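Colleague: I want to learn how to read helix packing in a model. Can you walk me through one?

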Amino acid sequence: MSRMLFIKTLMQRHIVWATLFFVYTTISLVILHRGSISSPDTGAWISRAKILIGHDFNLFTFYSDINFIVPMFFYTIPIVIFAILISIFNDQWIVVYQFLNLITLFFGLFLYVKIALHLEVRKWLIALSLLVFLISVDYLLWPSYILTDTLFATLVMLAIYAVITGANNNFRYYIVTFLSSLLLLFSRPSSPPYIVVLLFFAFFPSLSQKLLIKKNLLFRLALISLIAAVFFSIIIIASASGLIENKQLDFYRQFIEQGIVIHDRPETAINYDSTH
């Protein structure tokens, strides 16, 4: 009886970490079995990394040398990582990058667990939620790609962890939040909305806590989502009609016109011919 109680207590204490190990190992084996996958964007990353190498890692010269619809500084961190790996490992750099993707995947899952534990979510519920990652198409797909999606997702989790676990009105806390925001800013052009939300929660803790009160939370989230969707639709329609001229909007609008919802996920695409 005492032995069974000991085993039960041990499982309750370590169920989260055991489940994390199981989920991560399973996903990693699937990814390693599939092997690395390249896409047109992979070629773009490689060419930009080689340009940076050609400029002896001088970022300012690199920024001014590339003419793209989005400022190149948004891609600084991933391009620097690609350039360093290509410089050190030559033709084997893709293998190293795939293992780097697996490392960032682990830290993303680890940070998810740490955030849930900090929020005092029940351990059995955390363990159960981890199993959902095993049927997540994105977690089973994107780490195989020689792209930056896994890295960015982990940086987002790191920023969330920094904000949630920090001590308000603590100078070190604000520094960590600021540095986390910088990491996001120099990782992807889609980072500004994340940064705005993170800084809002960091510098206006009282107001942000009021917004997260459970009462009517779903209604507030639905209302915010609706307002954002309407605002985005108005901007896109204005761009399509020529009222707004912007290269970034033109770039995103082409995906909308093609019915692409999630790139490389054709099952999410919208067939306009069949819906009108």
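Modeller: We will go from the overall fold to helix pairs, then to single residues. Keep in mind that this is a predicted model.

Colleague: What does the chain contain, in helices and strands?

Modeller: The chain has 14 helices and 0 strands. Along the sequence, the pattern is α-α-α-α-α-α-α-α-α-α-α-α-α-α.

Colleague: What share of the 276 residues is buried?

Modeller: Buried residues make up 31% of the 276. Then look at sequence separation. Take the contacts in the chain with a separation of 6 or more: 67% of them come from residues 24 or more positions apart.

Colleague: How are two packed helices described?

Modeller: You give the angle between their axes and the distance between the axes. Start with α5, residues 93-118, and α8, residues 149-165. Their angle is about 25 degrees, and their axes lie 9 Å apart. An angle under 35 degrees counts as roughly parallel, so α5 is roughly parallel to α8. The crossing of α5 past α8 is left-handed.

Colleague: Which residues of α5 and α8 make the contact?

Modeller: From α5, they are N101, T104, L105, F107, G108, L111, Y112, K114, I115 and H118. From α8, they are T150, L151, T154, M157, L158, I160, Y161, I164 and T165.

Colleague: How does the contact of α5 with α8 divide by class?

Modeller: Count 11 nonpolar, 7 polar and 1 charged residues.

Colleague: Now α8 with α9. At what angle do they pack?

Modeller: At about 165 degrees, with the axes 9 Å apart. Over 145 degrees counts as roughly antiparallel, so α8 is roughly antiparallel to α9. Here, too, the handedness can be read: α8 passes α9 in a left-handed crossing.

Colleague: Which side chains should I display for α8 and α9?

Modeller: On α8, pick F152, L155, V156, L158, A159, A162 and V163. On α9, pick Y173, V176, T177, S180, L183 and L184. By class, this contact has 11 nonpolar, 2 polar and no charged residues.

Colleague: How many salt bridges are there by this rule?

Modeller: The count comes to 1 salt bridge. It joins the side chains of R188 and D149, at 2.9 Å from N to O. The pair links distant parts of the chain, 39 residues apart. R188 sits in the loop between α9 (171-185) and α10 (192-203), while D149 is in helix α8.

Colleague: Why do R188 and D149 count as partly exposed?

Modeller: Partly exposed runs from 20% to 50% relative accessible area. R188 has 21% relative accessibility, so R188 counts as partly exposed. D149 has 25%, so D149 counts as partly exposed.

Colleague: What about S181: buried or exposed?

Modeller: The cut-off for buried is under 20%. S181 is at 5% relative accessibility, so S181 counts as buried. S181 is found in helix α9. Leave out residues up to four places away in sequence, and S181 touches I195 and L199.

Colleague: And I135: where is it found?

Modeller: I135 is in the loop between α6 (123-132) and α7 (137-141). Its relative accessibility is 67%, so I135 counts as exposed.

Colleague: How far apart are I135 and I27, in sequence and in space?

Modeller: I135 and I27 are 108 residues apart in sequence. In space they are 9.7 Å apart, C-alpha to C-alpha.

How values were computed
Residues are numbered from 1 along each chain as its sequence is written. This is a predicted model: local features need pLDDT of at least 70, side-chain atom pairs count only at pLDDT 80 or more; totals for chains, interfaces and linings use all residues. Side-chain values use heavy atoms; hydrogens and water are left out. Axes are lines fitted to C-alpha atoms, for helices over the stretch in contact, and angles run from 0 to 180 degrees between N-to-C directions. Helices (H or I, at least four residues) and strands (E, at least two) are DSSP runs, numbered from the N terminus. Angles under 35 degrees count as roughly parallel, over 145 as roughly antiparallel, 65 to 115 as roughly perpendicular and the rest as oblique. A crossing is left-handed if the near helix is turned anticlockwise from the far one by less than a right angle, and right-handed if clockwise. Contact means heavy atoms within 4.5 Å. Ala, Val, Leu, Ile, Met, Phe, Trp, Tyr, Cys and Pro count as nonpolar, Asp, Glu, Lys and Arg as charged, and the others, Gly among them, as polar. A salt bridge is a side-chain nitrogen of Lys or Arg within 4 Å of a carboxyl oxygen of Asp or Glu. Buried means under 20% relative accessible area, exposed over 50%, partly exposed in between (1.4 Å probe, protein chains only).
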